[in-house]
Amino acid sequence: MTKITEEQLIESLNQLKEIKPNKEWASLLKSQILAEEKNVVQPARFVGIMDTLRFIFAPRKLAYSFAVVLFLAVGIFGLNKFVPTGKVPQQPASLASQTPAAVKEQINVTVKGLVQNLKNNPDQNPQAIRILAKTLADMPGDVVSSSDVQDLYKTLVANQIVDIQKTTLTDAQQKILLDTVTLYNTGKYNEALEKVLLINK
Amino acid sequence: MTDSINEQFSHVYDQYIDKIYRFVYLKVGGQEIAEDITSKVFTKGWEAFSAKGGPASGGKNPIKNPGAFLYQIANNAVIDHYREKGRSKLVSVDASPEIVDPGTNAQDMAILSADIGTIKKAMQKLKKEHQDVIIWHYLEDMPIDNIAKLIDKPAGTVRVMLHRGLKDLKDIVQEG
């Protein structure tokens, strides 16, 4: 029997204060919760992007989804890193007055930045990548079909496959992984993404 | 000028995310489960906050004490978790492999060493009411008067609960 004094017990309890959530997880959860609702919290620079997207693309889902992608991109990579071309997203006022084509170009710049960063930094927090992938999976067809977004899908799926291959899987999960790899090899990246998210549930 | 509801909740989130996560973690003992439950707690908290407003919102029926409100949701969520799993708290400590989470991260591995791991497991064997007051007082440094308000009991009762909780915890550790 281990003898322990009350002081030692309280000292040990104090050490339990070291239990803390993963910082990235906590940050992502916060942005996800606040972005999901009507009263969306966005950094000022993204408000205009959201408003413009909402106007251009009828489904509001896209606007919110893309805003979340941007939000996550900044959260994962940092604003100065996620656009390697140096084309930082424009201020809301100027973006809002631009043509749909110009706004789409802005999306492409952002997506290209994400792809580049995912390729350069494949060891990103899997949970952050998972949320990013889920958000992308919600995007409507016209945006998803662009080559830039397809490239992002491809990179995300590859990243997820590598990550999952490091874990122990059930028989059912192994089958899904095989299906995912088959879809990936045939270039069906968005279908592969949907599959791979099943494993990650 | 009053902060927007989003800014208020953002502040509440930053203030309580560690505390609620720790509170849940010590009751369920696993990182992934604690993350899931904590997510639910703050999602529900945000829904209520959006509808009612926070202490500074000037709404009709605002949430006056966000901390107490979140702890209440967390308590209910943990109860729901065990109810859904069809297992009691006491049984889970010895029978469930989830108590030592296979997904435990490096940080957790460090703090699970030696006696800390013992204390953590012992905490999970305590009565729920003793768990609560010990976590609030010794881990969150909450004064006894605040705990008394939180659980709507006299301060003297809280002192007795703390005393009994510590004694039980000590017994569990020594028996372990």
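**Chain B, overall.** I read along chain B first and got the pattern α-α-α-α-α-α-α-α-α. That is nine helices and zero strands. I am working on a predicted model here, so every value below is computed from it. Of the 176 residues in chain B, 35% count as buried. I also checked the contacts between residues at least 6 apart in sequence: in chain B, 68% of them join residues at least 24 apart.

**Chain A, overall.** I ran the same look-up on chain A. Chain A has twelve helices and zero strands, and its pattern reads α-α-α-α-α-α-α-α-α-α-α-α. Buried residues make up 36% of its 201 residues. For contacts in chain A between residues at least 6 apart in sequence, 73% join residues at least 24 apart.

**Where the chains touch.** I pulled the contact between the two chains: 27 residues come from chain A and 31 residues from chain B. On the chain A side, α1 (6–15) and α2 (23–36) each supply at least two residues. The largest share of that side, seven residues, comes from α1(A). By class, the side of chain A that touches chain B splits into 14 nonpolar, six polar and seven charged residues.

**α1(A), face by face.** Since α1(A) came up at the interface, I looked at its burial. Leu9(A), Ser12(A) and Leu13(A) are buried in α1(A). Down the axis, the buried residues of α1(A) fall within an arc of 100°, so they line one face of the helix. My reminder to self: an α-helix has 3.6 residues a turn, so residues three or four places apart point the same way. On the other side of α1(A) I found Glu7(A) and Asn14(A), both exposed.

**α9(B), on its own.** Next I checked the length of α9(B), residues 155–175. Its 21 residues at 1.5 Å a residue should span 30 Å, and the end C-alpha atoms are 30 Å apart, so the two agree. Which residues of α9(B) are buried? I listed Val158(B), Met161(B), Gly165(B), Leu166(B), Leu169(B) and Val173(B). They cover an arc of only 135° around the axis, which puts them on the same side of α9(B). The face turned away from that buried side carries the exposed residues Gly156(B) and Glu175(B).

**α8(B) against α9(B).** Helix α8(B), residues 144–151, packs on α9(B) at an angle of about 105°, with the axes 8 Å apart. That angle makes α8(B) roughly perpendicular to α9(B). From α8(B) I noted Ile144(B), Asp145(B), Ile147(B) and Ala148(B), and from α9(B) Ala155(B), Val158(B) and Arg159(B). This contact has five nonpolar, no polar and two charged residues.

**α7(B) against α9(B).** Helix α7(B), residues 128–139, packs on α9(B) at about 100°, axes 9 Å apart. So α7(B) is roughly perpendicular to α9(B) as well. The α7(B) side is Glu129(B), His130(B), Val133(B), Ile134(B) and His137(B). They meet Val158(B), Met161(B), Leu162(B), Arg164(B), Gly165(B), Leu166(B), Asp168(B) and Leu169(B) of α9(B). By class I get seven nonpolar, three polar and three charged residues. Val158(B) is in the α8(B) contact, in the α7(B) contact and on the buried list of α9(B).

**Two loop aspartates.** I then checked phi in the loops. Asp141(B), in the loop between α7 and α8 of chain B, has a positive phi of about 55° although it is not a glycine. With 10 C-beta neighbours inside 10 Å, Asp141(B) counts as exposed. Asp152(B) lies in the loop between α8 and α9 of chain B, and its phi is positive too, about 55°, again without being a glycine. Asp152(B) is exposed, with 7 other C-beta atoms within 10 Å.

**Ile37(B).** Last entry. I found Ile37(B) in α2(B), residues 31–52. Buried or exposed? The count for Ile37(B) is 23 C-beta neighbours inside 10 Å, against a cut-off of 20 or more, so it is buried. Leaving aside neighbours within four places in sequence, Ile37(B) is in contact with Val24(B), Val28(B), Ala77(B), Val78(B) and His81(B). I also took the C-alpha to C-alpha distance from Ile37(B) to Tyr21(B): 8.3 Å, with the two residues 16 apart in sequence.

How values were computed: Residues are numbered from 1 along each chain as its sequence is written. Chains are lettered from A and ligands numbered from 1 in the order in which they are written. This is a predicted model: local features need pLDDT of at least 70, side-chain atom pairs count only at pLDDT 80 or more; totals for chains, interfaces and linings use all residues. Helices (H or I, at least four residues) and strands (E, at least two) are DSSP runs, numbered from the N terminus. A residue is buried if 20 or more other C-beta atoms lie within 10 Å of its own, exposed if 12 or fewer, and partly exposed in between; C-beta atoms are placed from the backbone. Two residues are in contact if their C-beta atoms, placed from the backbone, lie within 7 Å. Ala, Val, Leu, Ile, Met, Phe, Trp, Tyr, Cys and Pro count as nonpolar, Asp, Glu, Lys and Arg as charged, and the others, Gly among them, as polar. Axes are lines fitted to C-alpha atoms, for helices over the stretch in contact, and angles run from 0 to 180 degrees between N-to-C directions. Angles under 35 degrees count as roughly parallel, over 145 as roughly antiparallel, 65 to 115 as roughly perpendicular and the rest as oblique. The expected span of a helix is 1.5 Å times one less than its number of residues. The arc is that of the directions from the helix axis to the C-beta atoms.
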